[in-house]
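Trainee: Could you take a close look at one part of this model for me? I'd like to hear how a single piece sits among the rest.

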Amino acid sequence: ATGLASDAGNTALILACRHGHTDCARALLDARAEADQVTKVTSGWRPLVIACMEGHPQCVQLLLSEPLSRRTMDLALADATKNEHRECARLVRLAIDPTDETEDDLSSAEAAPAEPTDAAASPSSEGLADAPAELRKALAADDAERVGALLEGGAPIDQPVLDGCPP
């Protein structure tokens, strides 16, 4: 169970997906970060939902290659649709049903029931300050090589992070 949860509930994978840093997300997944991890502090944000919300189809495609719950895919499709990220919505629709030939008419996608949200803790309102300093710097620079090295060096990806520093 890999996660690097911050005090705001963000994980390194969520931060990478929010900013579209696909290579960093890949390094985190290679280090066994959970693609379908549901954060508890921020009302259930998931990496795929964040990638769809922010419109990062390369991250979406990467995450869809991992085991994900149907609930996660439904929520991601709803957010991609709501935010008019057509390519993200198309990728998720195809993952749900490979025979889906729905055009990119976003109004035709069914919205999943909304997750409870906390506006103050929404993923787009939090910055990279939630991750430990070195990992945060590597994520901000989209430096997948450095992220991988930090993870191999034992970066505390399983521990909660308070005020940007491991406890």
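**A close look at H3**

Mentor: Sure, let's set the scene. The protein chain has eight helices and zero strands, and along the sequence that reads α-α-α-α-α-α-α-α. Keep in mind that this is a predicted model. Of the chain's 167 residues, 47% count as buried.

Now zoom in on helix H3, residues 47–54. Seven of its eight residues are buried, so the helix is largely enclosed by the rest of the structure. The buried ones are Pro47, Leu48, Val49, Ile50, Ala51, Cys52 and Met53. Buried here means under 20% relative accessible area. And what does the covering? The cover over those residues includes helix H1 (12–18), helix H4 (57–64), helix H5 (70–82) and helix H6 (86–96). Just past the end of H3, Gly55 takes a positive phi of about 80 degrees.

H3 also ties into the wider interior. The largest nonpolar core has 41 residues, and Leu48 is among those touching the most other members, along with Leu28, Val60, Leu139 and Val147. At least two residues of this core come from each of H1, helix H2 (22–30), H3, H4, H5, H6, helix H7 (133–140) and helix H8 (144–152). Leaving out residues up to four places away in sequence, Val147 touches Cys24, Ala27, Leu28, Leu135, Ala138 and Leu139.

Zooming back out, take the chain's contacts between residues at least 6 apart in sequence: 67% of them join residues at least 24 apart. As for the outside, the accessible surface comes to about 8100 Å², with 48% of that belonging to carbon and sulfur atoms.

Note on methods:
Residues are numbered from 1 along each chain as its sequence is written. This is a predicted model: local features need pLDDT of at least 70, side-chain atom pairs count only at pLDDT 80 or more; totals for chains, interfaces and linings use all residues. Side-chain values use heavy atoms; hydrogens and water are left out. Buried means under 20% relative accessible area, exposed over 50%, partly exposed in between (1.4 Å probe, protein chains only). Helices (H or I, at least four residues) and strands (E, at least two) are DSSP runs, numbered from the N terminus. Contact means heavy atoms within 4.5 Å. A nonpolar core is a set of buried Ala, Val, Leu, Ile, Met, Phe, Trp, Tyr and Cys residues joined through side-chain atoms within 4.5 Å. Accessible areas come from the Shrake-Rupley method with a 1.4 Å probe; for residues, only the protein chains shown count as cover.
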